[in-house]
Amino acid sequence: MYNVRNEYLPIFRSKGKYSGNPRNLQAELQDLQEPDSDDVEAWLHTERFKQDFVEQLSQKEKSWWDGIDFNETKFHLCGQSHLDIAWRWRYSQTLRKAIVTYTKALWHIEHHQDFRFAASQPFLLDWIRCTDPGLFAKITEAVKSGRFDLVGGMWVEPDCRLPSGESIVRQRLYGQRFYLSHFGKISDVEWVPDSFGFASTLPQIFLKSGSRYFYTVKLHDTPDVPFPFIQFLWQSPDGSRVLACLNPDGWESLIRHNATKQHRRLLKPGRHLVANYTTDKPEEMDLYSGDLPDICVFMGEGDGGHGPTGEEVAIADYLVEKKPFCWISATEYFQSKLESCRTRLPIWNDELYYQLHRGTLTTHNLVKRMNRYFEWRSTTIEALMSLALLHKQKAADNWQERMGQVWKLTLLNQFHDVLPGTSIPEVFDDCYDIWEYAKSELDSLETEVWDVLLGRETETSSGLKQVVIFNGSGLDADNVPVEVPLPIGENPRQVLIDGEARPVQILDPDDFNLDEKFMSRPRRVLFPISIPQHSFKVVDLVDGAREDDLSTASVEEDENSLVLANRLYRVSVDKVSGAVISLFFNYLAVELLDKPGIQLKAFFDWLPQEQCWNILPEYRENPLDLSAPSGVRIIENGPVRCTVEIEREIFNPRSVSRVNGVSRLLQRVSVHSSSPGIYLDFLVDWHTCECTLKCDIYTNTEADEVVVEVPHGTESRLTKPVANHDMPRWENYHHRWVDLPSADRRWGLAIINEGKYGYDAAGGRLGLTLLRGPLYPTPSKESWVHKERAQRHKESQGGVPTHADMGAHLIRYVILPHEGDWRSSKPFVPGFARWFNQGYSYIRTTNHLGSGLVDKRFVWIDSPQAEITAIKLAEQGPGHVVRIVELLAKEAAITVKLSPELGSKSVIETDLLERVLKDQKLKVETGRGTVVTSFSFSMKPHEIKTFLLTF
């Protein structure tokens, strides 16, 4: 079924699933070439001496470096060529771009004595290794010379906000280990020039995976307030620091030197500055000297690779000959030139926010939903896999290799023009094929693991009366909902869990045109369950009489409202407007909502360019009129869940797009009899162009801050910012949850999502960004997809999709009121969010799992202050890796407990690359013989710890 090109690009459809384009896979994968008109040899021997080039240099003398005092600052040069793995071309064309780019770099190295080149993205080098061994051999030799410099230790240059913390760790794990395996070294410089912002927790991940330095360029390309520093120490919540350089792009470091040098100034000797987004105008403080560090111009045509061109190298040679410039490698620049300034650099202790491209947090719902699905389902199956092998004392077969392939495909689709949704539609054809292949592998692995656990081949027939459920998260699950597919004709009336009867509710398939592979939900049975972390539970499906009195949920209709209620909440939905106008928290006797409650809002959001990237800054001043709902009705009144549905249409009369149309939206509001939370499901058939759809939640929290989950950590952001760099952060990102605390911190309101990221906050109002309808970018002139589009036009098949997100969507949120702040929240916000995002695995069976697994814990932490975020097979040699993250942003003493049945012989702390640390600060307890029963250690706020267990 699949055409897997060296296990990197599993594409197989001859017609793109998303674009509808016909594809010639043979030509695309083997025949088509990347055009390149750059004659580097001519530029070395003739072109640089022609009169027009000499005159061009004269003009550059006046515009590029006129007025620069070269006695004040030393300049260096390094070649590079940013290469988007997919953007305005498909993945497969990128291989040809990489071959052109690296071949050219090697030519420059051979013919220019001092030329240096910085190469990032191990994925590209590995792809070349498999497809062009001769070129890879030449690169290997150039790396040994030190002139082909390996930078950027992540598998690809991903978006640096949206991937999970474990995904960022895997980017580094696979990238740096590739460098180490094939070149005998790792990158000391994390290199992500073009990503659209960076999470505050990244310095720790970079440092603990071998990089002391960080380089990017985009944060100086802002319409509002330029970032205050170019060189600084970037600090994570745990105190880890990397030396960061936010250089202007390419030649701009030279051209804009006089305009930007105030941001390069070193602190006066003996002065110190620690700043974040609450620090107003740190760039204007009287702390700086007139001293500047050495500057490196990282030059070379990019985005589509091909640089440095012959002309660019000719310009560089002129600078070296006529001005005080010299060549330097990127690594040497950081290690020698910037490192010497470390003690005089300011410290930035926060995220790095990019004041553009805010729309990328929402554009292309499906690519974001599938990213979330794979990164969390993969960790669940990995943990199941490890525990199965340990429990059964079985070898792993090829599980490790196959799981690694799934991870690498997930990481590939996290590239910073793919996950943000800013590529041409044909790129998402590739994504769709990759998702289908990766999901089939995960499904197969999951089945095989369960077969090992159950000691037989899993039954596929109907009549399977037991469900075995595994909590794949490192946090206990308490009264959380479970949905298990149910064949037609099977109608259980209740479930037995630990001998206790609980009600079930049979849910019909979604009567909506959702994608059948990745979004549609089949007929299924719903029931609540509690399972400790990384434990198993057996559920018996019972056909006997239902005990309806176990339900505490109800839905009733009064004169103006439909009222949903259970023992925790009373939720009122206005019958005229469809707004949720009241959410009363019974436990604390608090009304959680302020007027006007929870409302859907649509806004005109048009920009003349880069629509997929950007949101109109004044979009809230351009609301669209929403018609009254066509229906507000009760659709479920069952023993487990009660639901009200609001149906409405959305249209943007201001759009001039030919495909702009009416969108149909079903909003469902549900409460459960036993599980906490108010559930908001949105089924949307979206056809509205140039529009941003928001769900505004007006709360009574009077919140002065929101706390959001970010990769392996949290961030606190003010809802009424005043500092100059903070005010542009009006649209930001969160991962699985965002929390608004009440003013007295006695309670809070968390909103948990499944695959959504964008939000805005102002005081007690939180705006969840649901969908957009922006215009796609156009293919580059050399893009192979022009041939596909021409063929499509020739066959009278119409055009490709012009706007992102047209079609059906499923969007899910849970509003989770809680006692206390988020750290002490009841129910516990991080635990509920983990379960909601692919936190469990299950199997239908007729065989009882047996006393060897059920109701036993194998690896656990009693304190909610830390979570076991990954249990996996070691990358090299025998053993299993356990990764632990401090959750509550404060120091902790943590003890991890191990069941003696596992037979662990030793525990060793490693870095994120699974290399043993020299300094072992562990207290290890043993039981019978030398079997490890627990190990203890201290943790800093949001610190990540990795341990290797041998058996």
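The tour begins at a pair of helices: H13 passes H15 in a left-handed crossing. The model on screen is a predicted one.

**Stop 1: H13 and H15**

Select residues 365-392 for helix H13 and residues 425-454 for helix H15. Their axes come within 10 Å and cross at roughly 20°. Angles under 35 degrees count as roughly parallel, and H13 and H15 are therefore roughly parallel to each other.

Next, display the side chains where the two helices meet. On the H13 side, the residues in contact include Leu366, Met370, Phe374, Arg377, Ile381 and Lys392. On the H15 side, they include Phe428, Trp435, Leu442, Asp443, Glu446 and Trp450. Taken as a whole, the residues of the contact of H13 with H15 divide into 18 nonpolar, 1 polar and 5 charged.

**Stop 2: the nonpolar cores**

In soluble globular proteins, nonpolar side chains tend to be buried together. In this model, the largest nonpolar core has 141 residues. H15 gives the most to this core, with 15 residues. To find the residues with the most contacts inside the core, select Tyr102, Phe148 and Ile884.

Centre the view on Ile884. Leaving aside neighbours within four places in sequence, Ile884 is in contact with residues that include Ile861, Ile868, Val896, Phe937, Met939, Ile944 and Phe947. Glu867, Thr869, Glu943 and Lys945 are also among the contacts of Ile884.

Apart from this core lies another, of 90 residues. To locate that second core, select Phe227, Val590, Leu593 and Phe604, which are among its residues.

**Stop 3: H7 and H14**

Now select residues 165-183 for helix H7 and residues 399-412 for helix H14. How do H7 and H14 lie to each other, roughly parallel or roughly perpendicular? Their axes come within 10 Å and cross at roughly 105°; H7 and H14 are therefore roughly perpendicular to each other.

Glu166, Ser167, Arg170, Gln171 and Tyr174 in H7 are the residues to display against Gly404, Trp407, Lys408 and Leu411 in H14, which they meet. The residues of this contact divide into 3 nonpolar, 3 polar and 3 charged.

**Stop 4: Ile752**

The last selection is strand S39, residues 747-753, in which Ile752 lies. Is Ile752 buried or exposed? Ile752 has a relative accessible area of 0% and is buried.

Add Phe836 to the view: 84 residues separate it from Ile752 in sequence, while the C-alpha to C-alpha distance is 8.0 Å. Beyond neighbours within four places in sequence, Phe836 is one of the residues in contact with Ile752. Others include Arg736, Trp737, Arg812, Tyr813, Val814, Leu816 and Phe832.

Note on methods. Residues are numbered from 1 along each chain as its sequence is written. This is a predicted model: local features need pLDDT of at least 70, side-chain atom pairs count only at pLDDT 80 or more; totals for chains, interfaces and linings use all residues. Side-chain values use heavy atoms; hydrogens and water are left out. Axes are lines fitted to C-alpha atoms, for helices over the stretch in contact, and angles run from 0 to 180 degrees between N-to-C directions. Helices (H or I, at least four residues) and strands (E, at least two) are DSSP runs, numbered from the N terminus. Angles under 35 degrees count as roughly parallel, over 145 as roughly antiparallel, 65 to 115 as roughly perpendicular and the rest as oblique. A crossing is left-handed if the near helix is turned anticlockwise from the far one by less than a right angle, and right-handed if clockwise. Contact means heavy atoms within 4.5 Å. Ala, Val, Leu, Ile, Met, Phe, Trp, Tyr, Cys and Pro count as nonpolar, Asp, Glu, Lys and Arg as charged, and the others, Gly among them, as polar. A nonpolar core is a set of buried Ala, Val, Leu, Ile, Met, Phe, Trp, Tyr and Cys residues joined through side-chain atoms within 4.5 Å. Buried means under 20% relative accessible area, exposed over 50%, partly exposed in between (1.4 Å probe, protein chains only).
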